[in-house]
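Student: I have the sequence and the structure before me and should like to be guided through them. May we proceed by question and answer?

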Amino acid sequence: VFAGHVCWLWRFDDRPNEMPSPSTTYWYAPDLDKVLMRVDRETPNADGTRELRTTELTNVRVGASPKLFQRPEGFKTRP
């Protein structure tokens, strides 16, 4: 469970035949049309420890206005 949603976890090793291998775990919420809620990236360090980096979406709700995902009026990109 993450952010109040039961999630499916899919874990992939970069090099499954090597241990330790860098790996990524994806957290999908089926009740939110399988939106990706969280990504955990684990990488082994030379000293045997592992580094974990996480990206999370929180406070996700069904029915958000599509305007939330559009560029703001007047937004300009650099050339």
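**A guided reading of the model**

Tutor: Let us begin with a loop: proline 20 lies between β1 (8-13) and β2 (23-29). Please keep in mind throughout that this is a predicted model.

Student: Which residue does a cis peptide bond join to proline 20?

Tutor: Most peptide bonds are trans. In the loop between β1 and β2, which holds proline 20, there is a cis bond with omega of about 0°. The residue joined to proline 20 by that bond is methionine 19.

Student: What pattern does the protein follow when read along the sequence?

Tutor: The protein has zero helices and four strands. Read along the sequence, the pattern is therefore written with strands alone: β-β-β-β.

Student: Is the protein spread out or compact, judged by its radius of gyration?

Tutor: For 79 residues the globule rule gives 12 Å, whereas the radius of gyration of the protein is 17 Å, well over that value. The C-alpha atoms fill a box of roughly 50 × 40 × 20 Å along the principal axes. Because the radius of gyration is well over the rule, the protein is, relative to a compact globule, more spread out.

Student: What percentage of the accessible surface belongs to carbon and sulfur atoms?

Tutor: Buried residues make up 22% of the 79 residues. The accessible surface comes to about 6600 Å². Of that surface, the part belonging to carbon and sulfur atoms is 53%.

Student: Which residues form the largest nonpolar core?

Tutor: In soluble globular proteins, nonpolar side chains tend to be buried together. Here the largest nonpolar core has six residues. They are Phe2, Cys7, Trp27, Ala29, Leu32 and Met37.

Student: Which residues does leucine 32 touch, not counting residues up to four places away in sequence?

Tutor: Leucine 32 is one of the residues of the largest nonpolar core, and so is Met37. Met37 is also among the residues that leucine 32 touches. The full list is His5, Met37, Val60 and Val62.

Student: Is valine 62 buried or exposed?

Tutor: Valine 62 is placed in the segment after β4 (50-56). Leaving aside neighbours within four places in sequence, valine 62 is in contact with Asp31 and Leu32. Its relative accessibility is 66%, and the cut-off for the outer class is over 50%. Valine 62 therefore counts as exposed.

Student: What distance separates the C-alpha atoms of valine 62 and leucine 32?

Tutor: Along the chain, valine 62 and leucine 32 are 30 residues apart. Leucine 32 touches Val62. Their C-alpha atoms are separated by 6.5 Å.

Student: Where does aspartate 33 lie, and what is its phi near?

Tutor: Aspartate 33 is in the loop between β2 and β3, and at 75% relative accessibility it counts as exposed. Most residues other than glycine have a negative phi. Aspartate 33 has a positive value, near 55°.

Student: What is phi of lysine 34 near?

Tutor: Lysine 34 is likewise placed in the loop between β2 and β3. At 49% relative accessibility, lysine 34 counts as partly exposed. Its phi is positive, in a residue other than glycine, and is near 60°.

Student: Is threonine 43 buried or exposed?

Tutor: Threonine 43 lies in strand β3 (residues 35-44). Leaving aside neighbours within four places in sequence, threonine 43 is in contact with Pro22, Thr49, Arg50, Glu51 and Arg53. A residue with under 20% relative accessible area is placed in the inner class, and the value for threonine 43 is 16%, so threonine 43 counts as buried.

Student: Which residues does threonine 54 touch, not counting residues up to four places away in sequence?

Tutor: Threonine 54 is in strand β4, and at 36% relative accessibility it counts as partly exposed. The residues touched by threonine 54 are Arg38, Val39 and Asp40.

Student: What distance separates the C-alpha atoms of tyrosine 26 and aspartate 40?

Tutor: Tyrosine 26 lies in strand β2, and at 27% relative accessibility it counts as partly exposed. Among the residues that tyrosine 26 touches are Trp8, Leu36 and Val39. Tyrosine 26 and aspartate 40 are 14 residues apart along the chain, and their C-alpha atoms are separated by 6.7 Å.

Definitions and conventions:
Residues numbered from 1 in each chain as written. Predicted model: local features only at pLDDT ≥ 70, side-chain atom pairs only at ≥ 80, totals over all residues. Heavy atoms only, no water. Helix = DSSP H or I, 4+ residues; strand = E, 2+ residues; numbered from the N terminus. Rg over C-alpha atoms; globule rule 2.2 N^0.38 Å. Buried < 20%, exposed > 50% of the residue type's maximum accessible area, 1.4 Å probe, protein only. Areas by Shrake-Rupley, 256 points an atom, 1.4 Å probe, with all protein chains shown as cover. Core = buried A, V, L, I, M, F, W, Y, C linked by side-chain atoms within 4.5 Å. Contact = heavy atoms within 4.5 Å.
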